[in-house]
Amino acid sequence: ATMDVEFVDGFTALKVFTKGYTYTYDDIIFHPGHIDFAAHDVSLASQLTKEITLSVPIVSSPMDTVTGAAMAVAMAQQGGMGFIHYNNTVEEQATAVRQAKRHLPLAGCQFEPLVVSASTTLRKVEDACEGLGLPAGKYPSVLVTDSGDLGGALVGLVTTSDLDLLGAEASSERTVGEVMTPVADLVTGKRGDGESELKAALASCKKGRLPVVGEGNALAGVVERSLLKDQLFKYPAPLGTPTTNAAGQLSVGCAVGTREGDKVRLEALVKEGVDAVILDSSQGDSVYQLEMIKHIKKTFAGLQVIAGNVVTSRQAESLIGAGADALRVGMGSGSICTTQEVCAVGRGQATAVYHTAKYARVHGVPIIADGGIQNSGHITKALALGASSVMCGSMFAGTAEAPGKYMITEDGHRVKLYRGMGSLDAMKKGSSTRYLGESQRIQIAQGVSGTVKDKGSIRNILPFFAQAVKQGFQDFGGKSVKHTHDMLNAGELRMETRSGAAQTEGGVHDMHSYTKKRW
């Protein structure tokens, strides 16, 4: 039976977001719905762009302290996607794409294993290990190919057991070819084999590692027993399937600017197989973006283009009209962004997501909610208010996969650097193009630099986020991202705004002390 209208409480999104106020995620709370399905039945599959689907609709931000090749690999393996920053040279960004694209989409596969040629001396191997931060004498698996690189024909493998009884002085000038286990004595897996077949091969050979080879014995990667054990016992199982392209490679995105020189960068990235590019700007509704979108669509027709950033329907109209395959939404809502404070321009993120998504949905263009994410509830709110995916920066900064080395602070905390791309530190490296300010005599900071605590691996964080979002959807009655968007537009998803006191009540309070464990 339908409830009498006088007893229906809460408000539709249209009512909430057309009162002249701008709201962020904490200002909004959803009403519970009727539960007739389990949380694990909720589907989070969603469109990142018109052509790319994610099984976990979360992506990492193209910031130089968040996403490099290692983060892009980890995100894609979990069902999301990473966007490699461009605060570097063309060659450095292209190399990062190459590294991510050639990584096998398999659990337990080592990222960028150490590969040398047979003529390499053991001294050089040790120098390479020290360059990776490994203690002297603590060799990882050293794969040997004819070219000395991944993709060359496998000729052997060096392990610590090959070196244990060799004296350091006597052995340092010996070559890898003299001490390696030759390929004829190795058990290998075949490229194209599934995870179950490779696991079975590794279990049956009772070795610590299994080189994976393709046609012509070309080395494709190596599956490590220790990494497989971590995936089985240390980390929760991923809730999504790896994000891959038609060729079975991990899907990888990149950020680029809109200057003439970025066309050269773009060409190099496409050559390496990048799947999508973000046109990176704090204010995306510019003639520069419109021209770059048209250039990409004319030159690289199959490349997915994400335009932005935008926060209004009017901005969205311009970029969608130019051919954008997705929009990135957010201005000044990031934890290290000061655009709203410095420039007095922007919008509360919940309001920006709702209005931009409402317009973009009519035109079949997905939006990415970028910024302001502080917890899993914010991800749930962003998706429920119309976003098709969510971009995280600060949530992933400080993880093992984020660029940079850990430091120990004076008070004993293990931290990594995290900075906004509008900070002066980042702009000195080239990110000022994002803020259309590289030619200005005085550069105005629109972000800050700082540090964040060690968060461990992204492999621990992403499954928790995905499960928490599924439970949030279950609570308000959303069976999938699409179903939730349909509820939103039909006025079936009811909500209210929260007062400051209500927000305080909704968090932990009145405790002398507590430990907040997320899972």
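Start by selecting Gln289, which is buried, with a relative accessible area of 0%. The model you are looking at is predicted. Gln289 sits in helix H11, residues 287-299. Now show its contacts. Leaving aside residues up to four places away in sequence, Gln289 touches Thr258, Leu279, Ser281, Gly284, Ala307, Gly308, Asn309 and Leu319.

**The cis peptide**

Two of those contacts deserve a stop. Select Gly308 and Asn309: a cis peptide bond joins them. Its omega is about 5°. Asn309 belongs to strand S15, residues 304-310.

**The barrel**

Next, colour the strands around S15. What kind of sheet do S4-S5-S13-S14-S15-S16-S17-S18 form? They make a closed barrel of eight strands, with parallel pairing. On average, neighbouring strands of this sheet are turned by 25° against each other, direction ignored.

Go to strand S4 (residues 58-60) and strand S5 (residues 81-84). They run parallel and are joined by two bridges. Pick Val59 to see one pairing: its bridge partner in S5 is Met81. Then return to H11. This helix packs on the sheet and touches strand S14 (276-279) and S15. The direction of H11 makes about 170° with that of S15.

Add helix H12, residues 313-322. H12 lies across S15 and strand S16 (326-329). It runs at about 160° to S15.

**Strands S6, S7 and S8**

Leave the barrel and select strand S7, residues 142-145. Which way do its side chains point? Val142 and Val144 point one way, Leu143 and Thr145 the other. All four residues named are buried. In a regular strand the side chains alternate between the two faces of the sheet.

Look at the partners of S7. S6 runs parallel to S7, and three bridges join them. Here Val115 stands opposite Leu143. Strand S8 (residues 154-158) pairs with S7 in the antiparallel sense, over four bridges. Select Thr145 and you will find Leu154 of S8 opposite.

**The open sheet**

Move on to S10, S11 and S12. These three strands form an open sheet in the order S10-S11-S12, and the pairing is mixed. Strand S10 (189-190) and strand S12 (219-224) are the edge strands, each pairing on one side only. Strand S11, residues 209-213, pairs with S12 in the antiparallel sense over five bridges. One pairing to pick out is Val212 with its bridge partner Gly221 in S12.

Now show helix H8, residues 195-205. H8 packs on the sheet and touches S10, S11 and S12. Its direction makes about 135° with that of S11.

**Two backbone stops**

Follow the chain into the loop between S11 and S12 and select Asn217. Asn217 has a positive phi of about 65°, although it is not a glycine. Buried or partly exposed? Asn217 is partly exposed, with a relative accessible area of 29%.

Then jump to Glu112, in the loop between helix H3 (90-101) and strand S6 (114-116). Glu112 also is not a glycine, and its phi is positive, about 45°. At 25% relative accessibility, Glu112 counts as partly exposed.

**The cavities**

Switch on a cavity display. Rolling a probe the size of a water molecule over the atoms shows where empty space is left. How many cavities of 30 Å³ or more does the structure hold? There are two.

Keep Glu112 selected, for it is one of the residues lining the largest cavity. About 40 Å³ of space lies there. Add the other lining residues: Gln99, Arg102, His103, Leu104, Cys109, Gln110, Phe111, Pro113, Leu150, Ala220 and Gly221. Gly221 is the bridge partner of Val212 that you met in the open sheet. By class, the lining divides into six nonpolar, four polar and two charged residues.

Finish at the second largest cavity, with a volume of about 30 Å³. Select Leu106, Ala107, Glu195, Leu198, Lys199, Val223 and Leu228, which line this cavity. Which element gives the largest share of the lining? H8 does, with three residues. The lining has five nonpolar and two charged residues, and no polar ones.

Technical notes
Residues are numbered from 1 along each chain as its sequence is written. This is a predicted model: local features need pLDDT of at least 70, side-chain atom pairs count only at pLDDT 80 or more; totals for chains, interfaces and linings use all residues. Side-chain values use heavy atoms; hydrogens and water are left out. Two strands pair if DSSP finds at least two bridges between them. Contact means heavy atoms within 4.5 Å. Axes are lines fitted to C-alpha atoms, for helices over the stretch in contact, and angles run from 0 to 180 degrees between N-to-C directions. Buried means under 20% relative accessible area, exposed over 50%, partly exposed in between (1.4 Å probe, protein chains only). On a 1 Å grid over the protein atoms alone, a cavity is a set of points where a 1.4 Å probe fits but cannot get out, and a pocket is an open set with protein on both sides within 12 Å along at least five of seven lines; lining residues have an atom within 4 Å of a point. Grid points are joined across faces, edges and corners, and a volume is the space filled by probe spheres set on the points. Ala, Val, Leu, Ile, Met, Phe, Trp, Tyr, Cys and Pro count as nonpolar, Asp, Glu, Lys and Arg as charged, and the others, Gly among them, as polar.
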